[in-house]
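The following exercises are intended for a reader who is meeting this structure for the first time. Each task is followed by a solution in steps.

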Amino acid sequence: MKDESVEIRIGEEIDLEKLNTHLKNELEDSSVIKEIRQFPGGYSNLTYLLISEDKELVLRRPPRGANIKSAHDMGREFKVLKSLNSHFPVPRPVYFTEDESVIGSPFYIMEKVNGLILRAGKPIPSEVGSSQFEKLSKATVDTLAQLHKINLQKIGLDSMGKPDGYVERQVKGWIKRYHNAQTDDIKGLSEMEDWLNKNIPADQKIAFVHNDFKYDNLVVDPNNDFRVLAVLDWEMATVGDAFMDLGTTLAYWSEADDHSALKPFNVTSLPGNRSRAQVLDYYQEITETEVKNAIFYYVFGLYKIAVIGQQIYKRFKEGLTKDARFGQLIHVINACGDTGIKALEKNRISSLQV
C-alpha cells in the first residue's frame, strides 16, 4: 500500500525521545521508534505512523484542546478494539495509557494493517475499475452486516451503550447539537427535524454500531476480492440500532446524480459501485431482516452529516481554525438539507430506485 503519512504539522509534534522511554518501560517487546509521521485528512482524532527498524505501528490521540471524556475517549476506543479483535477485522490493539505527561494527552497504539484505503479526493489506483468497485461495495455491506450480527454479551460489549430509546435520543441529541452550533438559517434542515421527530420508529434492531462506516475507514485487500482487512476509527461506536448505522452508511454513499458537495466524502459515485437501493436490498438479504422505514434512517444519516459539518464550520466562522477545508462545509450542510427534502418528497433513498 502506498504510504499516505506525511511530516507532522507544526503544533502537533510528539516528543520522540519521551515516547520511546515510556514505551521501553511499559512494553516488553518495544522496538525503538526511529520516525513519526502524521496521517493526513480527517476532522477528528489525530493519527500517527510510528516507524521502527522491524515494524510499523499506529498511534491515536485526541486533537489538542478536545474534551477527551466525550467523542475523544481513547480508553473507550481501545476497549472496543480489544473486545472485537478475535471476532471482527480490526487492527490489533497494543497499548493504552491515560498518562498525559508522555505526549500531552491519553493515547493508544495499534498494529498497522497493510492494505488499500480508497479515500475521496485521492487518486484511485489505475487497477481499480468498475468490476473492482462491485467487489468492494459487496464486501463493505458484508462486513457491516457481520458487525451487526456480533453477539454483544459473548464479547463483553453489551455494556457499552444504552440501547433503550436509542433512536429517539439520537434524533433529539443531534437536533440539539445542530442548534447549539447553528450559524445559518437552512430551511431543509428545519423541515427534516420536524419530520424526524414525528416519524421515530417504534422498533429497534439492537447491535454494536460503528456510526461512521464508509470506504475511507476500511483497509481492504485488492488481491482477494477486496476483502476487508480492518475497520478503522471506532470513536463513535456504541450499542444502538443497526438500522441507524446503516442509515449513516447510506447517507455517505454518494451516487453519480447526487449533489457535488456530497461526493468528497466517499468514492461510491464512481462506476461499478452499487446504488443505495442495491446496498439496502443486499443488506436485507444477507441479514434476513426487513428494514422498515428505510427513508427515516437515510434522512437521519443526512441530518447527522449536516450537524457534524455544522459543528466544524462554526469553529471556522468564529475564527477558531484557519483550515480552508472547514470553510467549504457550509455547502455540504446545505446539500444535506436539499437532498433530505428531495428524498422525503419522492419517498426514496436512491435516484436509481425504480
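Contact, as the term is used below, means heavy atoms within 4.5 Å. The model is a predicted one.

**Exercise 1. The surroundings of helix α1**

Task: Determine which residues of helix α1 are buried and what covers them.

Solution.

Step 1. Helix α1 spans residues 16-26, and its buried residues are Leu 19, Asn 20, His 22 and Leu 23. These four cover an arc of only 165 degrees around the axis, so they lie on the same side of α1.

Step 2. The cover over the buried residues of α1 includes the strands β1, β2 and β3, together with β4 (93-97) and β5 (107-111).

Step 3. On the face of α1 turned away from the buried side stand the exposed residues Glu 17, Lys 24 and Asn 25.

Step 4. The N-terminal end of α1 is capped by Asp 15, which places a side-chain oxygen 3.2 Å from the backbone nitrogen of Glu 17.

**Exercise 2. The position of Ser 31**

Task: State where Ser 31 lies and which residues it is in contact with, leaving aside its neighbours within four places in sequence.

Solution.

Step 1. Ser 31 is found in the loop between α1 and β1.

Step 2. The relative accessible area of Ser 31 is 19%. Buried means under 20%, so Ser 31 counts as buried.

Step 3. With neighbours within four places in sequence left aside, Ser 31 is in contact with Asn 20, Ser 52, Asp 54 and Lys 55. Asn 20 is one of the buried residues of α1.

Step 4. With Asp 54 there is a polar contact between the two side chains, at 2.9 Å.

**Exercise 3. Salt bridges**

Task: Establish how many salt bridges a search of the whole structure finds, and examine the pairs of Glu 53, Asp 212 and Arg 276.

Solution.

Step 1. The search of the whole structure finds 17 salt bridges.

Step 2. One of them joins Glu 53 to Lys 34, with 3.7 Å between the closest N and O atoms. Because Glu 53 belongs to the loop between β2 (46-52) and β3 (56-61) and Lys 34 to strand β1 (residues 33-38), this pair ties together parts that are 19 residues apart in sequence. Glu 53 is exposed, at 70% relative accessible area, while Lys 34 is partly exposed, at 49%.

Step 3. Asp 212 and Lys 214 form a salt bridge with an N to O distance of 2.8 Å. Asp 212 is buried, with a relative accessible area of 14%, and Lys 214 is buried as well, with 8%.

Step 4. Arg 276 and Glu 255 form a salt bridge at 3.6 Å, N to O. Arg 276 lies in helix α8 (residues 276-287) and Glu 255 in the loop between α7 (242-252) and α8, so the pair ties together parts that are 21 residues apart in sequence. Arg 276 is buried, at 3% relative accessible area; Glu 255 is buried, at 3%.

Step 5. Salt bridges also link Arg 60, Glu 77, Asp 233 and Glu 235 in a network.

**Exercise 4. The hairpin of β7 and β8**

Task: Describe how strand β7 is covered and how it pairs with strand β8.

Solution.

Step 1. Strand β7 (residues 218-221) is covered on both faces: Leu 218 and Val 220 are buried on one side, and Val 219 and Asp 221 are buried on the other.

Step 2. The pairing of β7 with strand β8 (residues 227-231) is antiparallel and runs over four bridges. Within it, Leu 218 stands opposite Val 231.

Step 3. Five residues lie between the two strands of the hairpin, where Asp 225 takes a positive phi near 55 degrees.

**Exercise 5. Aromatic rings**

Task: Find how many aromatic pairs the structure holds, and characterise the pair of Tyr 313 and Phe 316.

Solution.

Step 1. The structure holds 12 aromatic pairs. Among them, Tyr 313 and Phe 316 lie 6.4 Å apart, centre to centre, with 25 degrees between the planes. Planes under 30 degrees apart count as stacked, and the pair is therefore stacked.

Step 2. Both residues belong to helix α9 (residues 294-317), where Tyr 313 and Phe 316 are three residues apart, about one turn of the helix.

Step 3. Tyr 313 is buried, with 10% relative accessible area, whereas Phe 316 is partly exposed, with 29%.

Step 4. Trp 195, Phe 243, Phe 296 and Tyr 297 form one aromatic cluster.

Notes:
Residues are numbered from 1 along each chain as its sequence is written. This is a predicted model: local features need pLDDT of at least 70, side-chain atom pairs count only at pLDDT 80 or more; totals for chains, interfaces and linings use all residues. Side-chain values use heavy atoms; hydrogens and water are left out. A salt bridge is a side-chain nitrogen of Lys or Arg within 4 Å of a carboxyl oxygen of Asp or Glu. Buried means under 20% relative accessible area, exposed over 50%, partly exposed in between (1.4 Å probe, protein chains only). The arc is that of the directions from the helix axis to the C-beta atoms. A polar contact is a pair of N or O atoms within 3.5 Å; within protein, one must be able to donate a hydrogen and the other to accept it, and residues adjacent in sequence count only if both atoms are side-chain atoms. Two strands pair if DSSP finds at least two bridges between them. Rings of Phe, Tyr and Trp (its six-membered ring) pair if their centres lie within 6.5 Å; planes under 30 degrees apart count as stacked, over 60 as edge-to-face and the rest as tilted.
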